[in-house]
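Visitor: I work at the bench and would like to understand the terms used for folds. Could you take me through this one, asking each time what earns a label?

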Amino acid sequence: MKDNLKNYTEYEKSQVKKYEESVHKETNERLSLKPEAKPLKGEKKPPARPTDIYKGKGRIKTFMSGFVEAAIVAGLVILQFVFIYVLSYRFMHSAYVYAAIEIISFLIIVSLVNGSKSPSYKMAWIAIIALLPLTGHIIYILWGRHGVNKSLDDRVLYFIRRGNNYNKKDDKVLEAVEHRFPAKSRMVKYLQNFDMTVSANNKVTYYDMADKAFEAFFEDVRNAKKYILINFFIVGEGALWDKLHELLLEKVKEGVKIKFLYDDFGSLWRVPKNFKQMLEAEGIEVAVFNPINRYISRLYMNYRSHQKILVIDGEIGYTGGFNLADEYVNLVNRFGTWKDTGIRIEGEGAWGLTVAFLQMWEVSKDKECIDYNAFKTPRKFEKNDTFCQIITDGPANNPRNPIESMYSQIINSAKKYVYITTPYLLIDDDMMKALVVAAEGGIDVRIVTPRIPDKKAVKLLTEYNYGPLLRLGVKIYEYNPGFIHAKCIITESCGIVGTINMDYRSFYLHYECGAFIIDPKVMLTIKEDILTTLGKCKQITYEEWQKRPLKNKLIQPILMLFSPLM
């Protein structure tokens, strides 16, 4: 963190320190991390309150087994590249072979230009082919062309479509949306073409920090009666995991069914090698999404499940940016104060999260066939006009990616403002144009990104994208206290809260999820949090952007060329 703060003024440093201390103090007090007071003689020890959720201090623990497995996989991939290079070099002196390679390269470029991928993606691969004329086209044929993972994508699509059969459309709800929010019905209908059903009768609670979301989730876990579904990209051993693990073991004893799903790459270094077997021995069902050693030859290991889904009894569902690790709740300090957000949906919208979880579960378990009806709740929810539509996306949908399109549609639908929080801002020309057109049309467009990054190369690219946005009226702010990992986009009446970053990886390579919410009251709550956050941010000006260091100006255009592949 010290390195990242070296460009701060003394005043900014003092403000960051002051804010960090207040956040950590508030978190520790609310989550009862301070030592418990001993009861007086003859006095019974009071029962643990719902907020007494951690026993130990936060920690980041890594396991050598994960590093070894990653090193083996990386080594095998490198060997493939070496083999390709040696093979190409062997024939490079043959005029006929070289001519054939040039023709193939030309045909690949023609295919790319006429393909349905984004312009940024096309340019990245054309640059690779130009830089590596003897090997670039072979690399593209193996790992870059459309349909290279078709058999795998078809398998994922099969389970997604099977699950979508349980997303029954309700024409009465659609009519209610058209009556209450006619301008938003177009987006709802668009998503229904992807079998993403809109629901009414939802109570949505927004959490401005991840520790508050976990506090509520733990209380819901205590009250679970039938089942608990958990899906995270990152699971890291620490105080947060210790408490959840303790609660889950209590629910296993009570006969509650627990399904625990996590991404193999995201959790590779953070859990022991026998983590899955350990939980299964304790009575918890476990699935691992896309083990990294399974598809080395096709680099399908790059396709990850970035989803975060928590469901209790089919009645309550959570999603947001947070993962199951101590840094997300500020029990450890990695990049200053970590700000993450999420939502709790109590109502019919929880079923959409249930379906999304079960789809990825079936994908990960191969042969297990889920009875979706067993996870439905008979409960009738209080009627209201808070509409939710759970949206999911992933590489199996390429090139028709509804989440990226929804972001553009939300921007275009705004009447007054568009507020966005994202840890990464790596957008293509179409998304940039949507933001600029909104700003030039008088819409108040504001984007919040981190001041302190978790990935320096991505920070350089994020900063590079500021220029054309700032020049044409978009307001950009950097979160001074540390790292903002929150992912949301809102207007005055609708928005998305979920796992989606504004980058190529989230729009095309990862399986993501979020909740499209139509409710002005919920949007106002999120807006108030963003405005409060802006008070802790530094606004970036176009003049300041122009004065960025020369080394950044030199390297950023080069990095930008390869941004879709990062």
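Visitor: What is the handedness of the crossing of α9 and α10?

Guide: In this predicted model, α9 and α10 cross in a left-handed way. The label applies because the near helix is turned anticlockwise from the far one by less than a right angle.

Visitor: What makes α9 roughly parallel to α10?

Guide: Their axes come within 10 Å and cross at roughly 15°. Angles under 35 degrees count as roughly parallel, so α9 is roughly parallel to α10.

Visitor: Which residues make the contact?

Guide: From α9 come Phe 214, Phe 217, Phe 218, Val 221 and Arg 222, and from α10 come Leu 240, Lys 243, Leu 244, Leu 247 and Lys 251. By class, the contact has seven nonpolar, no polar and three charged residues. Arg and Lys count as charged, while Phe, Val and Leu count as nonpolar.

Visitor: Which sheet do these helices pack on, and what is the order of its strands?

Guide: Seven strands form an open sheet with mixed pairing, in the order β2-β9-β7-β6-β3-β4-β5. On average, neighbouring strands here are turned by 15° against each other, direction ignored. Helix α9 (residues 210-222) packs on this sheet, touching β2, β3, β6, β7 and β9, and its direction makes about 155° with that of β7. Helix α10 (residues 239-253) touches β3 and β4, with its direction at about 150° to that of β4.

Visitor: How do you know that β6 and β7 pair?

Guide: Two strands pair if there are at least two bridges between them. Strands β6 (residues 309-312) and β7 (residues 316-320) are joined by three bridges, so they pair, and they run antiparallel. Leu 310, for instance, has Tyr 318 of β7 as its bridge partner.

Visitor: Why are β1 and β18 said to stand at the edges?

Guide: They belong to an open sheet of nine strands in the order β1-β10-β17-β16-β15-β11-β12-β13-β18. Both β1 (198-199) and β18 (537-540) have a single partner strand, so one side of each is left without a neighbour in the sheet. Within this sheet, β11 and β12 run parallel and are joined by five bridges. Tyr 419 stands opposite Arg 446 in β12.

Visitor: Why are Tyr 542 and Trp 545 called stacked?

Guide: Rings pair if their centres lie within 6.5 Å, and planes under 30 degrees apart count as stacked. The ring centres of Tyr 542 and Trp 545 are 5.8 Å apart and the planes are at 15°, so this pair is stacked. Tyr 542 and Trp 545 are three residues apart in helix α18, which means about one helical turn separates them.

Technical notes
Residues numbered from 1 in each chain as written. Predicted model: local features only at pLDDT ≥ 70, side-chain atom pairs only at ≥ 80, totals over all residues. Heavy atoms only, no water. Helix = DSSP H or I, 4+ residues; strand = E, 2+ residues; numbered from the N terminus. Axes fitted to C-alpha atoms, helices over the stretch in contact; angles between N-to-C directions. Contact = heavy atoms within 4.5 Å. Parallel < 35°, antiparallel > 145°, perpendicular 65-115°, else oblique. Phe/Tyr/Trp six-rings, centres within 6.5 Å; stacked < 30°, edge-to-face > 60°.
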